[in-house]
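Welcome to my notebook. I went through this structure one stop at a time and wrote down what I looked up, so you can follow along.

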Amino acid sequence: MSDVLDAYPQLLRGTWTTVQLTVYGAALALVPALVFGLAGTSRHTAVRALNRVYVEFFRGTATLVLMYWLFYALPLVGFRFTPVAAAVLSLGLNVGAYGAEVVRGAVNAVPRAQYEAAVALNFTPWQRMLRVTLPQAVALMLPPFGNLLIELMKGTALVSLITIGDLTFNAQRIRAATGETAATFLVILVVYFAIAQMLQLAVRYAERRVDRMLGRRPDRRAAAAASGAGAVKA
Amino acid sequence: MTWDWNYTGEILPDLLDGLRVTVLATVLGYLIALVLGLVWTLLRRTPSRAVNQAVRWVVEFIRSTPLLVQLFFIFYVLPSWGLTLGALTAGVIGLGLHYSTYTCEVYRAGIADVPRGQWEACVALNLPRRRAWQDVILPQAVRRVVPSLGNYLIAMFKDSPLLLAISVSELLGAAYRAGAETLRYLEPITVVGVLFVIVSVLSSIVVRRLERRYATY
C-alpha cells in the first residue's frame, strides 16, 4: 500500500488529467446539447429532424467505438487528431446527445402560459427565450445534467485505452512498477469516488443558486419528467 | 485511402463472431443486473439501519466509479485472492455488478410508485409479508419500470466494448485485431460503429413500443 501512496506525484498528475478531460468534455457537450436541444423544440419539422438525427446517431454509438474510430480509422482518410482531441470530441459529442434530450425535455416542460404571457407582453422571440423560457428551463435541466456530468467523468477512464495519461493509465503504470494490483486499483477507485461526490456537491449548490435566483423551489414532478425524457443513464 | 469492399467482406465473419460475444456478454450481464439490482433494493428496505446504510454506500460507490476500473479490479485483483476468472466471466460479472446499481434505483422508483392503498389492502387482507411482496407489490412495480429497464439494456450493450480492455474478443476487439493485421483500421471500426448504431436505434424503437404498452398513466 505504501508503495502505491509513494507514487502520489503520478496519481496527482493522472487525477489532474482526468479532471481536465471532464471539464473540456463538459464544455464541449454543452454546445450540441443547447443547439440541438433547442432545435428539438422548434415548430419546423426540418429543424426538429436535425435534432432527431444528431441524438439518435450519437446516443446510438458507443463512446469507445467512436473514440477508436476517431483515433485509429480517421487518420487513414486524412483527418489526424491528437489523442486528447479524439477523446474530448467523442466524450463531448456522446454526452451532448443525452444533454440535448435533457434540454428539449426541460424547455418543453416550461408551462405554456409563460410563453403566452411573454407574447402578450410583446417580447421579441429572443427576449422570450433568454428572459422567460431558458431561466426556468435551466432549473429543470440541472439535476439531470449533474447525473450526466458524473457519467462523463466515469467515461474519461476510457481515454487510458488510447494512450492518454489519465488516472487509470497511471494506475496501470504504478501497478506494473510496484506489483501492488489491489492497492493501486482501490486507491484510484476511491479517487474517482471522491471526484464524483465533489461534482455532486457542486451541482447541488448550483441547483440551490438557481432556485433562489428564480425565487422558488422547482416543481419536483416537472423535473422528474424532464430527466425521464432525457437521459437513458440518468 | 479509399473504402475497400473486398476487405470489408473478408473481415465480416470475424466481426460477426465478435458480435456474438458482445451479445452474449450483454445478455448474461443484464440477467445479473436484473437480479442483483432487486437484491440491493430489497436490502435497502430492511429494518436494520446498518445493512441499509452499508448497501446504500456500496451502491453509491459502484455507481460513481468507472466501469473500466472495476473490470480491471475484477480481472486482475480477484485472482490474487484465489478467485481466478476467465476474461469473459470477469467481464459479465463487471457489467452486471455495475448496472445492478442502476437497476436498483429503477426498482426503488417502481416500488415507490405503487399506490399506498395496495399496501393497506395487503394489511387489511392479512397477507403475509412474503405474499404481499411476491403477489401484490413487485408485479405492479416491475410492470411500471419495464421501459427504464429496457433503456439500461441498450446502455449496457453500448458499454460492452470496454471488455476488450480485459482481452475479451468482443466486437470492437475483433475489429481492432483485424485492423492491426493489415494496418487498415478504417473498414473494421467503421463497420462496428454502423452495427452499433443499427442495433441501438432498433432497440430504442422496441423500448418506445414497450413504453406505450406498459404505460400506467
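**Entry 1: A:Asn122**

I started with A:Asn122 and asked: is A:Asn122 buried or exposed? I found a relative accessibility of 67%, and exposed means over 50%, so A:Asn122 counts as exposed. I should say here that I am reading a predicted model. Next I looked up where A:Asn122 sits, and found it in the loop that links helix 6 (112–120) with helix 7 (125–155) of chain A. I also checked the backbone: phi of A:Asn122 is near 65°, which is a positive value in a residue other than glycine.

**Entry 2: B:Leu183**

I then turned to chain B, where B:Leu183 also has a positive phi without being glycine; the value is near 60°. Where does B:Leu183 lie? I located B:Leu183 in the loop between helix 7 (171–182) and helix 8 of chain B. Its relative accessibility is 60%, so I noted B:Leu183 as exposed.

**Entry 3: chain A as a whole**

I stepped back to take in chain A. I counted ten helices and zero strands in its secondary structure, so to speak a plain run of α elements from the N terminus on. I looked up the box filled by the C-alpha atoms of chain A, and it is roughly 70 × 45 × 25 Å along the principal axes.

How much of chain A is buried? I read that buried residues make up 51% of its 234 residues. I also checked the contacts of chain A with a separation of 6 or more, and residues 24 or more positions apart account for 77% of them. For the accessible surface of chain A I noted about 11100 Å², with 65% belonging to carbon and sulfur atoms.

**Entry 4: two helices of chain A**

I picked out helix 2 (residues 8–39) and helix 9 (residues 181–214) of chain A, whose axes come within 12 Å and cross at roughly 40°. I noted the crossing of helix 2 past helix 9 in chain A as right-handed.

Which residues make the contact? From helix 2 of chain A I listed A:Leu11, A:Thr15, A:Thr18 and A:Val19. From helix 9 of chain A I listed A:Val187, A:Ile188, A:Val191, A:Tyr192 and A:Ile195. I sorted the residues of this contact between helix 2 and helix 9 of chain A into seven nonpolar, two polar and no charged.

**Entry 5: chain B as a whole**

I gave chain B the treatment I had given chain A. I found eight helices and zero strands in chain B, and its elements are α throughout, read from the N terminus on. I noted that the C-alpha trace of chain B spans about 75 × 45 × 25 Å along its principal axes.

Chain B has 217 residues, and 48% of them are buried. I looked at its contacts with a separation of 6 or more and found that 77% of them involve residues 24 or more positions apart. I put down about 10800 Å² for the accessible surface of chain B, 62% of it on carbon and sulfur atoms.

**Entry 6: where the two chains meet**

I wanted to know how the chains touch. How many residues does each chain bring to the contact? I read off 44 residues from chain B and 41 residues from chain A.

I reminded myself that the size of an interface is often given as the accessible area lost when the parts come together. Between them, chain B and chain A bury about 3600 Å², and 74% of that is on carbon and sulfur atoms. I then asked which residues of chain B lose the most area to chain A. I found B:Phe61, B:Val69 and B:Lys158, which together make up 14% of what that side buries.

**Entry 7: B:Glu60**

I stayed with chain B and looked up B:Glu60, which has its place in helix 2 (residues 49–63) of chain B. Is B:Glu60 buried or exposed? Its relative accessibility is 16%, and the cut-off for buried is under 20%, so B:Glu60 counts as buried.

I checked what B:Glu60 touches, not counting residues up to four places away in sequence, and found A:Phe193, A:Gln197 and A:Gln200. I also noted a pairing within chain B: B:Glu60 and B:Thr101 are 41 residues apart in sequence and 7.6 Å apart in space, C-alpha to C-alpha.

**Entry 8: B:Val192**

My last stop was B:Val192, found in helix 8 (residues 186–214) of chain B. I read a relative accessible area of 0%, so B:Val192 is buried.

Which residues is B:Val192 in contact with, leaving aside its neighbours within four places in sequence? I listed A:Val65 from chain A, and B:Leu15, B:Leu171, B:Leu172 and B:Ala175 from chain B. I closed with a distance: B:Val192 and B:Leu12 are 180 residues apart in sequence, and their C-alpha atoms are 9.9 Å apart in space.

Technical notes
Residues are numbered from 1 along each chain as its sequence is written. Chains are lettered from A and ligands numbered from 1 in the order in which they are written. This is a predicted model: local features need pLDDT of at least 70, side-chain atom pairs count only at pLDDT 80 or more; totals for chains, interfaces and linings use all residues. Side-chain values use heavy atoms; hydrogens and water are left out. Axes are lines fitted to C-alpha atoms, for helices over the stretch in contact, and angles run from 0 to 180 degrees between N-to-C directions. Helices (H or I, at least four residues) and strands (E, at least two) are DSSP runs, numbered from the N terminus. A crossing is left-handed if the near helix is turned anticlockwise from the far one by less than a right angle, and right-handed if clockwise. Contact means heavy atoms within 4.5 Å. Ala, Val, Leu, Ile, Met, Phe, Trp, Tyr, Cys and Pro count as nonpolar, Asp, Glu, Lys and Arg as charged, and the others, Gly among them, as polar. Buried means under 20% relative accessible area, exposed over 50%, partly exposed in between (1.4 Å probe, protein chains only). Accessible areas come from the Shrake-Rupley method with a 1.4 Å probe; for residues, only the protein chains shown count as cover. Buried area is the accessible area (1.4 Å probe) that two parts lose on being put together, summed over both.
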